Amino acid sequence: MTVLDVRSSDQDTRRAAVLHHARRYFMSEGYAATRMEPIAREAGVSTATLYGYFPGKAELFKAVIEDAAQDFATQMDFVRSQQGCARVELTSFLTAYARFMSDPFVRSVFRLVMAERPRFKGVAMTFFERGRDFFGATLMGVIQTMIDRGEIACEKPSWAAGQLMGMVEHPVFFVPLVTGEEVRTRRTVDQIAADAVETFLARYGT
């Protein structure tokens, strides 16, 4: 490894530390109350270094949301690698999706993006479009493959995907989101995913 490689690696590490602590501050304090100096201090870098990476708080916020979106994409890579019969593939996808949607951090990201949508409309739209592609497009592709194999029968894969994802989103995402985490389903995310798959296959399975 050359000196330049070491320096690049160190810079990547410091930048990742900045994003990690900035994410925590934005999630807990909100955009308006978050300040750059505490983030630099906790990340172990100088304020000058922080501003060298991100010229201002707006640029840092955009980078945090982009970093979160990339984390979501990484989770989907595992789901795409699962293969088997319709029940196995759908359960694998939906369990991963349920765990993702039930993560308090994910809800925090959605709250933050929605709260700052007027200020960062482009960032918010990109975030949601990527989320739609990560999950919705992936599931539609899975369903279309199952249709081609004769395992399920439906005319609109997009409708079927929306119905399947909706059976997870309501109990594990929207209810806690609206109630401020005070109301939680008694079923585990694995049970919710399994129940949704059974309902889906009862409707569309051949």
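Of the 206 residues in the protein chain of this predicted model, 39% count as buried. The chain exposes about 11200 Å², and carbon and sulfur atoms supply 53% of that area. Its secondary structure consists of nine helices and zero strands, so that the order of elements from the N terminus reads α-α-α-α-α-α-α-α-α. Contacts across the sequence may be considered next. Among contacts with a separation of 6 or more, 70% are made by residues 24 or more positions apart.

The interior may be examined first. In soluble globular proteins, nonpolar side chains tend to be buried together. In this model, the largest nonpolar core has 61 residues, and those with the most contacts inside it are L60, L90, L94, Y97 and F200. Several helices each supply at least two residues of this core: α1 (3-29), α2 (36-43), α4, α5 (86-101), α6 (104-115), α7 (121-148), α8 (157-179) and α9 (189-204). L60 offers a view of the surroundings of one such core residue. Leaving aside neighbours within four places in sequence, L60 is in contact with V18, L19, A22, F26, M36, I39 and F54.

Helix α4 covers residues 57-80 and includes K57. The side chain of K57 reaches the backbone oxygen of Y31 at a distance of 2.9 Å. Apart from residues up to four places away in sequence, K57 touches F26, Y31, A32, T34 and M36. F26 and M36 are also among the residues in contact with L60.

Further along helix α4 lies V64. Is this residue buried or exposed? V64 counts as buried because its relative accessibility is 2%, below the limit of 20%. Beyond residues up to four places away in sequence, V64 touches L19, A22, R23 and F26. The C-alpha atoms of V64 and H21 are separated by 9.6 Å, although the two residues are 43 residues apart along the chain. H21 can also be related to R41, which lies in helix α2. R41 and H21 are 20 residues apart in sequence, with their C-alpha atoms 9.6 Å apart in space. In contrast to the buried V64, R41 counts as exposed, with 60% relative accessibility.

One of the partners of V64 is R23, a residue of helix α1. R23 counts as buried because its relative accessibility is 15%, which is under 20%. Not counting residues up to four places away in sequence, R23 touches V64, D67, A68, D71 and F105.

Helix α6 allows a simple check of geometry. Why does its length agree with expectation? At 1.5 Å a residue, the 12 residues of α6 should span 16 Å, and the C-alpha atoms at its ends are indeed 16 Å apart. The buried residues of this helix are V106, R107, V109, F110, L112 and V113. Helix α6 is also one of the helices that supply at least two residues to the largest nonpolar core.

Attention now turns to charged side chains. How many salt bridges does a search of the whole structure find? The search finds eight. In one of them, the side chains of E89 and R149 meet at 3.4 Å, N to O. This pair links distant parts of the chain, since E89 belongs to helix α5 and R149 to the loop between α7 and α8, 60 residues apart. The two partners differ in accessibility: E89 counts as buried at 13%, whereas R149 is partly exposed, with a relative accessible area of 40%.

R149 also forms a salt bridge with E151, and here the closest N and O atoms are 2.4 Å apart. E151 is partly exposed, with a relative accessible area of 24%. Another salt bridge joins D195 and R187, whose closest N and O atoms are 2.9 Å apart. Both of these residues count as partly exposed: D195 has 37% relative accessibility, and R187 has 36%. Through salt bridges that share partners, E89, R149 and E151 are joined into one network.

How values were computed. Residues numbered from 1 in each chain as written. Predicted model: local features only at pLDDT ≥ 70, side-chain atom pairs only at ≥ 80, totals over all residues. Heavy atoms only, no water. Helix = DSSP H or I, 4+ residues; strand = E, 2+ residues; numbered from the N terminus. Polar contact = N/O pair within 3.5 Å; in protein donor to acceptor, adjacent residues only side chain to side chain. Contact = heavy atoms within 4.5 Å. Core = buried A, V, L, I, M, F, W, Y, C linked by side-chain atoms within 4.5 Å. Buried < 20%, exposed > 50% of the residue type's maximum accessible area, 1.4 Å probe, protein only. Areas by Shrake-Rupley, 256 points an atom, 1.4 Å probe, with all protein chains shown as cover. Expected span 1.5 Å × (residues − 1). Salt bridge = Lys/Arg side-chain N within 4 Å of Asp/Glu carboxyl O.
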